[in-house]
Amino acid sequence: MPHAPSSQPPQVVPPSPFGPTPSVRQLAWHELEFYGFIHFTVNTFTDREWGYGDETPSVFTPTDFDAHQIVETAAAGGMKGLILTCKHHDGFCLWPSRYTEHSVRNAPWRQGNGDVVREISDACATHGLRFGVYLSPWDRHHPEYGRPAYTTYYRNQLRELLTEYGPLFEVWFDGANGGDGYYGGAREHRSIDARTYYEWERTWDLVRELQPDACIFSDAGPDIRWVGNESGVAGDPCWHTLRPDDLAPGAADPGILNSGHRFGSHWIPAECDVSIRPGWFYHSAEDDQVRSAENLLDLYFQSVGRGTNLLLNLPPDRRGRIHDNDVQCLRAFRKRLDAIQRVDLTHNAQASASQVRGNDPAYGPANLLDDVPEHYWATDDDIRDAEVTLMFPEAVTFNTIDLREYLPLGQRIERYAIYIDQHGHWQPIATGTGIGRRRLIRTAQCTTERLRLRVVDGPVGPALSKWGLYLDTEAP
Ligand code: FUL
């Protein structure tokens, strides 16, 4: 029998959380889903991916830098924030740091009065995007790299970025570490112990102290983990939980990061970073190798659609703007995604469930359809096999399914199967493991008046907050 929407407060106590659960800052981060990376530095002008560290600041000569064009491009693509490479491995600083001469202060751009970090962070604020920073731990320019003096320098710079550019949503700590470099003229190989050299606990404490709402990203968390590849593809499943015991930035197993640990001790969800072009920095030779909108859509389904966030890199060109090919691609991608999600076909469905927690309508399956993220369908604690059925007044045609768990109660659902009613028989159309923040499922085009979701083998009963259904009319 269909259950009424949950307008009444619950009479029955909610399920206890299962395993680790997200912090408030992690929950806010999950909501972002899609945001951008901006890779920009001397490499843009030397045509390299990793500067050696001996580049002179005079090469940094954007001819028409336009933070608004960059941020507007991101916003039009549906990005909710931008993370800027304030300093990449070459050590050149995009802001006039007090602690080095190797910065925009000594570049011809804006007669040495420019500050890329300021302009991008201000433009983000103007256009309603969140702002985040990338500060490369590895510095191939600094003479003290590899010795204790450098880590003091690194934290001083971090402090500048944490205190002078407004609220940050994410601080990105790269795992790439050590190797050949200029190192103040030494031109040698320097290696460090990735686990101990940077004194990560101390460094992260600084972020907690100065930007308590910012999520800390590294290979191993503590808030967000790397997904283990740079191709934008999350594991299937990609659990939000991890046992980070043996992991450190620059010392983590990509396979483990890609899938997480089902019964991990910490909530450390994955982020998929990938570039819109082959390189992270702009190279004119790659102007005709910008991804297609269809390819971006596939990546979206393989990242956001597996519960992770998608961090897509847009490299500004030598003008200091996003190249038109990238702008067009991002726009086309957005148009395509919006068209898919425009109509949620469940809007006039009725939902019924095999079991509802304490028979309390506050936990009823209508919660899956009301678009209130705090409302969820839940069962009694001992239910390990449960079903929800959607009934439509007329047959609907769809090929895309959208499921979301209620994350404050942990990642609970193990396996799921979806069936359609074909002339009175339940026919399976999709099965899988793990739902989490979001599970987008592409199916063959189906037409039915009844649809069923079954969840089995969970360690506890489910807490599911959304079931959406779309028709992608341009599906390949
Ligand atoms: C890597 C770096 O080495 C690349 O240059 C890029 O910044 C990527 C996002 O992270 O570790």
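A salt bridge here means a side-chain nitrogen of Lys or Arg within 4 Å of a carboxyl oxygen of Asp or Glu. Keep that in mind as we walk through this predicted model, since the rule finds 6 salt bridges across the interface of domain 1 and domain 2.

So who are the two partners? The protein chain splits into domain 1, covering 24-341, and domain 2, covering 345-470. Measure from C-alpha centre to C-alpha centre and you get 36 Å between them. Where they meet, 22 residues of domain 1 are in contact with 18 residues of domain 2.

Now for the area. An interface's size is often given as the accessible area lost when the parts come together. For this pair, about 1800 Å² is buried, and carbon and sulfur atoms give 52% of that. On the domain 1 side, look for Trp239, Arg262 and Phe301: together they supply 27% of the area that domain 1 buries against domain 2, more than any other three residues.

Arg262 is worth a second look, as its side chain meets that of Glu414 in a salt bridge, with N to O at 2.7 Å. Beyond salt bridges, you can also look at polar contacts: there are 14 residue pairs of this kind between the two domains, counting residues at pLDDT 80 or more.

Which helices supply at least two residues each to the side of domain 1 that touches domain 2? They are helix 1 (24-32), helix 8 (293-303) and helix 9 (324-341). Helix 8 gives the largest share, with 5 residues. Sort the residues of that side by type and you find 10 nonpolar, 5 polar and 7 charged.

Notes:
Residues are numbered from 1 along each chain as its sequence is written. This is a predicted model: local features need pLDDT of at least 70, side-chain atom pairs count only at pLDDT 80 or more; totals for chains, interfaces and linings use all residues. Side-chain values use heavy atoms; hydrogens and water are left out. Domain bounds come from an automatic or database domain assignment. Contact means heavy atoms within 4.5 Å. Buried area is the accessible area (1.4 Å probe) that two parts lose on being put together, summed over both. A polar contact is a pair of N or O atoms within 3.5 Å; within protein, one must be able to donate a hydrogen and the other to accept it, and residues adjacent in sequence count only if both atoms are side-chain atoms. Helices (H or I, at least four residues) and strands (E, at least two) are DSSP runs, numbered from the N terminus. Ala, Val, Leu, Ile, Met, Phe, Trp, Tyr, Cys and Pro count as nonpolar, Asp, Glu, Lys and Arg as charged, and the others, Gly among them, as polar.
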